[in-house]
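The following questions and answers examine selected features of one protein model. Each answer works towards the value or name requested.

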Amino acid sequence: MSSYSLRSSHFPSLPITTMSSYSLRSSHFSFLPVTASTTKVSTTDSGFVMPQPNRVKASGSVDREQTHLDDSRIKHEEKVKSLIDFLNKMVNEPVESLIIVDTIQRLGIKSLFREQIKAILHWQYTHFSSLNHGKDDVYEIALRFRLLRQEGYYVPADVFEYFNDKKKGFVMKLKGNIKGMMELYEASQMSIEGEDILDEAECFSGKCLHALLTCDLDHEQARMIESTLRYPYRKSFARLLAPPQSFVNDMPGVYSWMEDFLEVAKRERRIIVQSVHQKQIHQINAWWKELGLGEEMKFARDQPLKWYMWSMAINPDPSLSEHRIELIKPISLVYIIDDIFDVHGTVDELILFTEVIRRWDNVCAEQLPEPMKICFKVLGDITNDFGNIIFKKHGWNPTRFLKQMWADLCNAFLVEFQWNASGKLPSADDYLKNGTITSGAPLLLAHLFFLMGQKIANRSTDSKKEEVPLPNAIFLVAKILRLWDDLGCAQDENQNGYDGSYVECYLREMQGSSNQSAREHVMELISKSWKLLNKECLSPCPSSAPFLEACVNAAKMVPLMYNYEDEHGLELLQDHMKSFTCDHETL
C-alpha cells in the first residue's frame, strides 16, 4: 500500500462551495428522451468522432422510436431472465460452464450475469484439484486457470507441469492443438512474479502460434491466432470493442446456447448505446461547452468523447453512470493542465501556477494569466463539488487529500518541464518515478477509489492531517500507462508539445544500446508491472474487488489509447466511438 500524507499548512481553509452553474450530474440523465437521430458525426483534427447537434425528430417519430425501444427492452429482459435460469442449472457442469462464462465475458455482458458467474467459478474453485486430476486437455485446464485467476482466486500454476518435460520443456504434441495453444497463451498472461512455468508456457505457445501463421491456414484460423497474440484478453480491450459476432466466429465448437447469448449481447450493446452512452455524451458535451475551457484555451486538446472512452472503459457496468460522469471531470482537467505545461506556459507562469495550486491560494491566483486563472477556478469548483458528493455518500470529505494530489501532479509536470527546458535528461528511474505521477492515473484512480467508498467509512470529516492508503494497483496502472505512452512517438495525436520519453533517458544512460533493445527493455518493465498487478488482484476482499477490476480495465485500455503504431487497434477504437453516435437500428 502507498499513502499520501497531507500537511494542512499547505491548504488554507476554504469554504466548500455548492454545485457551480456548469455542473454535470448523473441524475440529469433520467429526464432525457432517447432520440438517437439527434446526432450527426463530425471529426476533429485528432480523428476522434464527436457527436454534433442535428435536427430533432418530430414528436410522433420520437414516440414511435421510444415505443419500439420499450418493446425491445421487454423482450431483452425476458431473454436475460431465461438465460439466468439456464445458468443456474449449469453451475456443476465441469467444462461447458467455463466456456459459457468465457463467452459472456468476451461478449461484454457479464454485468447481467454476475451472480451466476460467481456461483459457477466458486464451484470450479472448490473442485479445482479433482477437476484437473489426470486431465490432459490443455484447453480445459488453461481456461479454468485463467477464469479463476481473473475472478481473484489464487490457483497454483503447477497444473501446467503435466505438459512440461523438465528436460525438453513443453511437450511437442501440443503443437497440433490450435485451440489449446491459444488458451495456454491466454492463461500465461495471468502470471505473477516467480511463476517460471507460466513464462515458459507463454514462450512456448507464442512460438507455436507464430509458427502456425506461416502454415497454410484458412483465413479465420489465421485471424483468430493473430488476434490472440496481439490482443490477449487480460491485457487489451480490442477484442471487446469488436462486434459480438466476431467473437462467436472464434468459439471452439458449436453450442445451442450461443445464439441466445449473442442476441442478448447485440441488444444490450444497442440499448446501452441508446439509453445510456448517447445521453451521457450529449450531457457531457453540453457541460464541456458551458464550462468554456475549450474556447478559452484554444491551445489545449478538446476531446470530450475521447475522455469519455476512458471513463466508460474503466466503468463499463451500465449501473455505474454516476462514476463515469464524475470521473470525466478530473480526466478533462488532467489533459488541459498537461497542455498548459507542454505547449502554453512560460517557466515563470508555470512556477506561479504550480505554487497557486500547491497553496490553493485564491489571492495569488489573480496574478495568473487569464487561461490559468480560469483553469484554477474550475479545478477548485470541481474538486470541492466532488468532495461534497463523497461526503454525502460515505460521510468523509476527501477534498484536502485530492488538492494535495493535484499539487503533486502540477509539481511533477513542472519538474518534467524544467528537465526538458534545461536539456539535461534525468536517469531513467527518476524519469519513470516522476512519469507515473504525470500520467495522471494516480489522481484519476484516487477519485474512483473515493467514489467506490474504499476504506473511508470511519474517517474523520474534519481531520487536519490525513494519510489515505492507496492500493499499489493504482501506481502499477500508472507505470503501465507511462511506459506504453513512451513506446509511441512521445507526442499525443493533437498536441505539439514534447514531454520526454523513458526510451530516450534509457538510451542516454545505457550507452551503446540500440533503440530496439530499449523498446524490449520497456516491454519487459510493462510485463513485470502486469505480473505485480495480477498479484494485487488475487484473493481481494469483496469490497475492493470492483475497484481492482476498474484498475485492470484502465490498464487494458492503455494499449488502445497509446499504441500509435497499431492501426488496427485505433480503427477498432474509432469504430467503437462512432457507434455512440449512429442512428437507431432495428433491434
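Q: Are Arg106 and Asp102 buried or exposed?
A: In this predicted model, a residue counts as buried when its relative accessible area is under 20%. Arg106 and Asp102 share one classification: both are buried.

Q: At what N to O distance do the side chains of Arg106 and Asp102 meet?
A: Arg106 and Asp102 both belong to helix α2 (residues 96-106), and being four residues apart they are separated by about one helical turn. Residues three or four places apart in an α-helix point the same way, because there are 3.6 residues a turn. The two side chains meet in a salt bridge, with an N to O distance of 3.0 Å.

Q: Which residues are linked with Asp102 and Arg106 in a network of salt bridges?
A: The structure holds 28 salt bridges. Asp102 and Arg106 form one such pair, and they also belong to a network of salt bridges. The other members of that network are Arg146, Glu183 and Glu186.

Q: How many of the residues of α2 are buried?
A: The buried residues of α2 include Ser97, Leu98, Ile99, Ile100 and Val101. Asp102, Thr103, Ile104, Gln105 and Arg106 are buried as well. The helix is therefore mostly covered, within the cut-off of under 20% relative accessible area, and the count is 10 of 11 residues.

Q: Which residue just after α2 takes a positive phi?
A: Helix α2 spans residues 96-106. Just after this helix, a phi of about 75° is found, and the residue that takes it is Gly108.

Q: How far apart in sequence are the parts tied together by Arg301 and Asp339?
A: Arg301 forms a salt bridge with Asp339, with 2.8 Å between the closest N and O atoms. Arg301 lies in the loop between α12 (293-296) and α13 (304-314), whereas Asp339 lies in helix α14 (residues 321-344). Arg301 is buried at a relative accessible area of 3%, and Asp339 is buried at 1%. The parts that this pair ties together are separated in sequence by 38 residues.

Q: Which helices hold Asp385 and Lys329?
A: Asp385 and Lys329 form a salt bridge in which the closest N and O atoms are 3.8 Å apart. Asp385 counts as buried at 5% relative accessibility, and Lys329 is buried with a relative accessible area of 4%. The pair ties together parts that are 56 residues apart in sequence, Asp385 lying in α17 (residues 370-394) and Lys329 in α14.

Q: How many disulfides does the structure hold?
A: A disulfide is a covalent bond between the sulfur atoms of two cysteines. Cys364 counts as buried at 10% relative accessibility, and Cys505 is buried with a relative accessible area of 2%. The number of disulfides in the structure is zero.

Q: What is the phi of Trp360?
A: Most residues other than glycine have a negative phi. Trp360 lies in the loop between α15 (347-359) and α16 (362-365), and it is buried with a relative accessible area of 3%. Its phi is positive, near 50°.

Q: Which glycine follows α20 with a positive phi?
A: Helix α20 (residues 441-451) has 11 of its 11 residues buried, so it is largely enclosed by the rest of the structure. Among these buried residues are Pro442, His447, Phe449 and Phe450. The helix is followed by a glycine with a phi near 70°, namely Gly453.

Q: What distance separates the C-alpha atoms of Gly180 and Tyr139?
A: Gly180 is part of helix α6 (residues 178-188) and counts as buried at 0% relative accessibility. Gly180 and Tyr139 are 41 residues apart in sequence, while their C-alpha to C-alpha distance is 4.1 Å.

Q: What distance separates the C-alpha atoms of Val80 and Glu263?
A: Val80 is placed in helix α1 (residues 59-89) and is buried, with a relative accessible area of 9%. Along the chain, Val80 and Glu263 are 183 residues apart, and their C-alpha atoms are separated by 9.9 Å.

Q: Which residues gather in a patch of negative charge on the surface?
A: One member of the patch, Asp196, is found in helix α7 (residues 196-212). The residues that gather there are Asp158, Glu161, Asp196 and Glu200.

Conventions. Residues are numbered from 1 along each chain as its sequence is written. This is a predicted model: local features need pLDDT of at least 70, side-chain atom pairs count only at pLDDT 80 or more; totals for chains, interfaces and linings use all residues. Side-chain values use heavy atoms; hydrogens and water are left out. Patches are made of residues with over 30% relative accessible area and no salt bridge: like charges are joined within 9 Å, nonpolar side chains (Val, Leu, Ile, Met, Phe, Trp, Tyr) within 5 Å. Accessible areas come from the Shrake-Rupley method with a 1.4 Å probe; for residues, only the protein chains shown count as cover. A salt bridge is a side-chain nitrogen of Lys or Arg within 4 Å of a carboxyl oxygen of Asp or Glu. Lys and Arg count as positive and Asp and Glu as negative; His and the chain ends are not counted. The place of a charge is taken as NZ of Lys, CZ of Arg, CG of Asp or CD of Glu. Helices (H or I, at least four residues) and strands (E, at least two) are DSSP runs, numbered from the N terminus. Buried means under 20% relative accessible area, exposed over 50%, partly exposed in between (1.4 Å probe, protein chains only). A disulfide is a pair of cysteine sulfur atoms within 2.5 Å.
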